Amino acid sequence: MNKQYDVVVIGAGPGGYVAAIRCAQLGLKVACVDEWHNAKGESLLGGTCLNVGCIPSKALLESSHLYAAAQNEFKDHGIGIGKISIDVPAMVARKNKVVQELTQGISALFKANGVDFIHGHARLEQGKKVVVRERGKKKILARLEAENIILAAGSSSVHIDQAPLDQKYIVDSTGALEFDAVPKRLGIIGAGAIGLELGSVWSRLGSEVVLIEAMDEFLSIADQQISRTAFRSYKKQGLDIRINARLLSATVKNKEVHVTYEDNRGAQQVVFDKLIVAVGRKPNSDTMFGDEMELELDERAFIHVNKYCETSVPGIYAIGDLVRGPMLAHKASEEGIMVAERIAGQVSSLNYDHIPSVIYTQPEIAWVGKTEQACEAEAIPVNIGVFPMSASGRARAMGNNEGMVKIIAHKETDRVLGVHIFSAQASELISQAVTAMQMQASAEDIAMTIFAHPTLAESIHEAALAVDKRAIHIKS
Ligand code: FAD
Ligand code: NAD
């Protein structure tokens with residue numbers, strides 16, 4: 001007998017668990033199925049984000065930031081602490097504790113909201129039926145049926161033939177969160193979000209880090225003025241980023257990884273103690289249903305959906321990393337909320353133009369909306385205001401005054417089209433730009449707002465003033 005629900009959600013990452021909770025809040029009978037487990041076979045909620053993504057990487061970024069600050073910055077404040085050391089297993093154990101507390105928190109939220117959680121591998125069958133098995137086994141654990149199905153199965157690391165993983169010397173991002181010692185020479189294939197964040201972690205702890213990036217433009221998705229500034233800053237920090245470098249091979253010999261790549265000067269060789277492969281992620285659309293389901297996929301295997309996350313089959317929705325758009329936890333969660341509300345009959349939509357992006361290096365990069373190069377390409381006339389963090393009193397007091405805030409506004413309407421920040425705490429600052437843009441603010445609206453002094457956020461105010469060439473603390 002199939003157990004009947006209003007909604008069955010497959011996947012309990014930030015897309016799926018949020019969708020399930022919102023469905024329950026709206027009075028829908030909901031089940032959520034997820035197969036993630038620890039070494040003992042116990043279920044772990046939260047998907048990639050909590051278990052091997054956003055949270056563990058930020059825990060290690062925080063620890064390594066404190067270590068680097070103690071080593072390089074404390075003395076400027078007159079603080080002497082003698083010789084400092086790093087205990088990598090203790091740092092990783094702290095990270096694991098943070099993850100465990102958060103995954104348990106989701107279990108508690110499911111119970112509190114009345115979401116039925118089922119641990120196992122879900123397979124979607126015709127007639128909106130879901131069969132749950134232990135992964136790789138035949139035995140059926142549960143049979144579910146629902147009016148609505150939300151697919152939220154997430155994504156996995158892309159593997160490349162030139163660098164086959166052995167999870168000891170050549171690892172993906174998950175392996176790179178579990179090193180038991182600081183590798184002396186660390187190679188990273190791909191200078192994207194993961195490469196830069198994990199490269200920063202291990203570089204701060206003492207690794208010599210080389211990033212091998214295929215594209216000839218560094219961080220092409222970000223505003224190029226910001227990318228160029230960040231590139232110089234990362235270089236100074238010791239991240240050796242080699243762009244336009246095509247990986248030819250990576251092989252393990254005598255406990256070392258021998259990498260060959262090709263750049264403008266020809267074939268190059270470099271030897272590492274560990275190599276991280278961080279060349280993107282692909283949607284988990286291959287093991288959840290068969291061809292009989294007639295769910296359309298795009299050419300990169302993302303499940304095809306419209307702007308409301310409806311698939312080609314009525315009543316079946318797909319969200320998060322499984323579908324088009326940036327692979328970000330907050331985008332997955334907001335899609336989950338939108339779908340739950342639409343199932344409950346509410347009018348709900350998502351503004352895909354206002355999804356913020358952050359790269360958690362030091363300084364951080366954060367942006368929302370259009371880049372200057374996108375405005376140029378679309379022939380949108382703009383006014384631009386830039387305010388350097390070197391002119392911010394708070395940034396100077398903190399001893400971290402690298403970077404800038406850049407605001408792009410429409411030349412005729414003054415409406416804010418994009419905000420790009422490279423600074424300390426940019427991840428926190430960007431939310432005010434998102435709020436302003438969501439309220440359709442003009443640069444003048446931000447310029448007329450009173451910001452507390454001294455704060456880093458004043459730089460957003462000054463950048464808005466600079467759009468009209470009237471910034472106070474720089475000569476516009
Ligand atoms: P996932 O989080 O991948 O969850 C999918 C879930 O579905 C998993 O739990 C999986 O077990 C389950 N599942 C899959 N198939 C089945 C099946 N057939 N049956 C049962 N269960 C199934 N994003 C940010 O916004 N900020 C960050 O700082 C950030 N940092 C990151 C750092 C790293 C190292 C990585 C790898 C990613 C990071 N991301 C970050 C990306 C973020 O983790 C993803 O965008 C987000 O997790 C996507 O959410 P999701 O719910 O779509 O999928
Ligand atoms: P990414 O797409 O951000 O970067 C991958 C990089 O690898 C690109 O610059 C690409 O040009 C390069 N590349 C691809 N193939 C290559 C090859 N053969 N040789 C050399 N370089 C190659 O992907 P990622 O860093 O793996 O991250 C995956 C996803 O996870 C991203 O979509 C990102 O949104 C998400 N993520 C987000 C955050 C965050 O929000 N802070 C952090 C980590 C990951």
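**Exercise 1.** Which of the 38 residues around ligand 1 come nearest?

*Solution.* Keep in mind that this is a predicted model. Start from the shell of 38 residues, then pick out those that come nearest: Asp 34, Thr 48, Lys 58, Ala 122 and Ala 329. Next, sort the shell by class: 18 residues are nonpolar, 15 are polar and five are charged.

**Exercise 2.** Find polar partners of ligand 1 at Pro 14, Thr 48 and Ala 122, and then see how far the protein covers the ligand.

*Solution.* Take the cut-off for a polar contact, a pair of N or O atoms within 3.5 Å. At Thr 48, a side-chain N or O atom is 2.6 Å from an oxygen atom of ligand 1. At Pro 14, a polar backbone atom sits 3.4 Å from a ligand oxygen. At Ala 122, the backbone supplies an N or O atom, 2.8 Å from a nitrogen atom of ligand 1. Now for the coverage: on its own, ligand 1 has 1,000 Å² of accessible area, and the protein covers 94% of that.

**Exercise 3.** Which elements give two or more residues to the shell around ligand 1?

*Solution.* The strands are β2 (30-34) and β4 (121-125), and the helices are α2 (47-52), α3 (54-72) and α8 (329-343). Helix α2 makes the largest contribution, with four residues.

**Exercise 4.** Describe how domain 2 (170-279) meets domain 3 (363-467).

*Solution.* First, the separation: their C-alpha centres are 30 Å apart. Second, the contact: each of the two domains brings 14 residues to it. Third, the area: together they bury about 1,100 Å², with 62% of it on carbon and sulfur atoms. Finally, on the domain 2 side, Asp 223, Gln 225 and Ile 226 lose the most area to domain 3, together 47% of what that side buries.

Note on methods:
Residues numbered from 1 in each chain as written. Chains lettered and ligands numbered in written order. Predicted model: local features only at pLDDT ≥ 70, side-chain atom pairs only at ≥ 80, totals over all residues. Heavy atoms only, no water. Near = heavy atom within 4 Å. Polar contact = N/O pair within 3.5 Å; in protein donor to acceptor, adjacent residues only side chain to side chain. Areas by Shrake-Rupley, 256 points an atom, 1.4 Å probe, with all protein chains shown as cover. Nonpolar A, V, L, I, M, F, W, Y, C, P; charged D, E, K, R; others polar. Domains from an automatic or database assignment. Contact = heavy atoms within 4.5 Å. Buried area = accessible area lost by both parts, 1.4 Å probe.
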